[in-house]
Amino acid sequence: MSTKIFTMIGVVILLAIVLLYSLNTHKDYKSLSSELASAQIMHNPQRPLPDFSLIDQNSQVFDNDRLQGEWSLLLFIYTHCPDVCPTELANMAMLKAHLESQNSAVIPNIVAITFDPLRDTPEVLKTYVTHFDKTFVGVSGETQQIDQLVRGLGAYYERVIYDDEGKPVTLKKHEPLPDDALEKGYIINHTARIYLISPDGQVLAGFPTPHKVDEMAGDIKRLIQAFEK
């Protein structure tokens, strides 16, 4: 096959992707709201996800390109979380099993991004998230890059340390951790919304707590069908 034909095929594929993206950016997904059990429409072509570059559990780059071409459910966690994070990951494992049992045509990738890169290295995350399901992907990286994505999704977190008397002290947004924070320990208060990312790499909807597997599964199917129309 000649170079010219390869070039023409490439142009056709590119135009198809552009057309698909253009059609989806002009859809009014908010009209679906009354049909959804728990999901909240977050689609906003005027506010795309910011550019970010992180590291996955296998020390490979995880950036905007990794969210292209497939459906993903993205959540923020940290491995020292005493209750919320393990509960959410267990819910995601049940959701995946539920979709598989229904022979769903699309089963989103589960991506867990840490709020706590100091303690949650790629190796630590891999052990932690794959305990819930071997296909789950854990993501770490530089705090600045994580914060960029946190802001882009409207999420929130705050770190709480303990003073010499053992009383909790909430750090200001960009206040660094004390040198002895790892020794004394700290917790992270955070939002627990889960985000449905469409194949164009943009957030389509969010799932606030509580996360009910049956409701999420039904909403995901409706949202995917609306996107693909």
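Me: Why is K96 called buried?
Reply: This is a predicted model, and in it K96 has a relative accessible area of 14%. Buried means under 20%, so K96 counts as buried.

Me: What makes the pair K96 and D133 a salt bridge?
Reply: Their side chains meet at 3.4 Å, N to O. The limit is within 4 Å, between a side-chain nitrogen of Lys or Arg and a carboxyl oxygen of Asp or Glu, so this Lys and Asp qualify as a salt bridge. K96 lies in helix α2 (residues 84-101), while D133 sits in the loop between α3 (122-132) and β6 (137-140), so the pair ties together parts that are 37 residues apart in sequence.

Me: How do you know whether D133 is buried or exposed?
Reply: D133 has a relative accessibility of 16%. With buried meaning under 20%, D133 counts as buried. The K96 and D133 bridge is also part of a network of salt bridges that links K96, E100 and D133.

Me: How many salt bridges does the model have in total?
Reply: The count comes to eight salt bridges. In general, side chains of opposite charge can pair when their charged atoms come close.

Me: What makes E165 and K167 a salt bridge, and how accessible is each residue?
Reply: The side chains of E165 and K167 meet at 3.5 Å, N to O, and the limit is within 4 Å, so the pair is a salt bridge. E165 has a relative accessible area of 64%; exposed means over 50%, so E165 is exposed. K167 has 49%, which is neither under 20% nor over 50%, so K167 is partly exposed.

Me: Why are D180 and K184 both called partly exposed?
Reply: The relative accessible area of D180 is 30%, and that of K184 is 40%. Partly exposed covers the values between buried, under 20%, and exposed, over 50%, so both residues fit. Their side chains meet in a salt bridge at 3.2 Å, N to O.

Me: How do you know that G206 is buried?
Reply: Its relative accessible area is 0%, and the cut-off is under 20%, so G206 is buried. G206 is placed in strand β11 (residues 203-207).

Me: Which residues does G206 touch, not counting those up to four places away in sequence?
Reply: G206 touches S38, A39, Q40, M42, R193, I194 and Y195. With R193, the C-alpha atoms are 6.4 Å apart in space, and the two residues are 13 apart in sequence.

Me: Which residues lie nearest the centre of the largest pocket?
Reply: They are T143, Y157, R159, K173 and L177, from a lining of 16 residues. The volume of this pocket is about 250 Å³. β7 (157-162) and α4 (143-152) each supply at least two lining residues, and the largest share, three residues, comes from β7. By class, the lining has eight nonpolar, two polar and six charged residues.

Me: What lines the second largest pocket?
Reply: This pocket, with a volume of about 170 Å³, is lined by 14 residues, and the closest to its centre are N109, I110, V111, T135 and V137. Strand β5 (residues 109-114) gives the largest share, three residues. The lining divides into eight nonpolar, three polar and three charged residues.

Me: What does the protein chain look like overall?
Reply: Its secondary structure comes to six helices and eleven strands, and 44% of its 229 residues count as buried.

Definitions and conventions: Residues are numbered from 1 along each chain as its sequence is written. This is a predicted model: local features need pLDDT of at least 70, side-chain atom pairs count only at pLDDT 80 or more; totals for chains, interfaces and linings use all residues. Side-chain values use heavy atoms; hydrogens and water are left out. Helices (H or I, at least four residues) and strands (E, at least two) are DSSP runs, numbered from the N terminus. Buried means under 20% relative accessible area, exposed over 50%, partly exposed in between (1.4 Å probe, protein chains only). Contact means heavy atoms within 4.5 Å. On a 1 Å grid over the protein atoms alone, a cavity is a set of points where a 1.4 Å probe fits but cannot get out, and a pocket is an open set with protein on both sides within 12 Å along at least five of seven lines; lining residues have an atom within 4 Å of a point. Grid points are joined across faces, edges and corners, and a volume is the space filled by probe spheres set on the points. Ala, Val, Leu, Ile, Met, Phe, Trp, Tyr, Cys and Pro count as nonpolar, Asp, Glu, Lys and Arg as charged, and the others, Gly among them, as polar.
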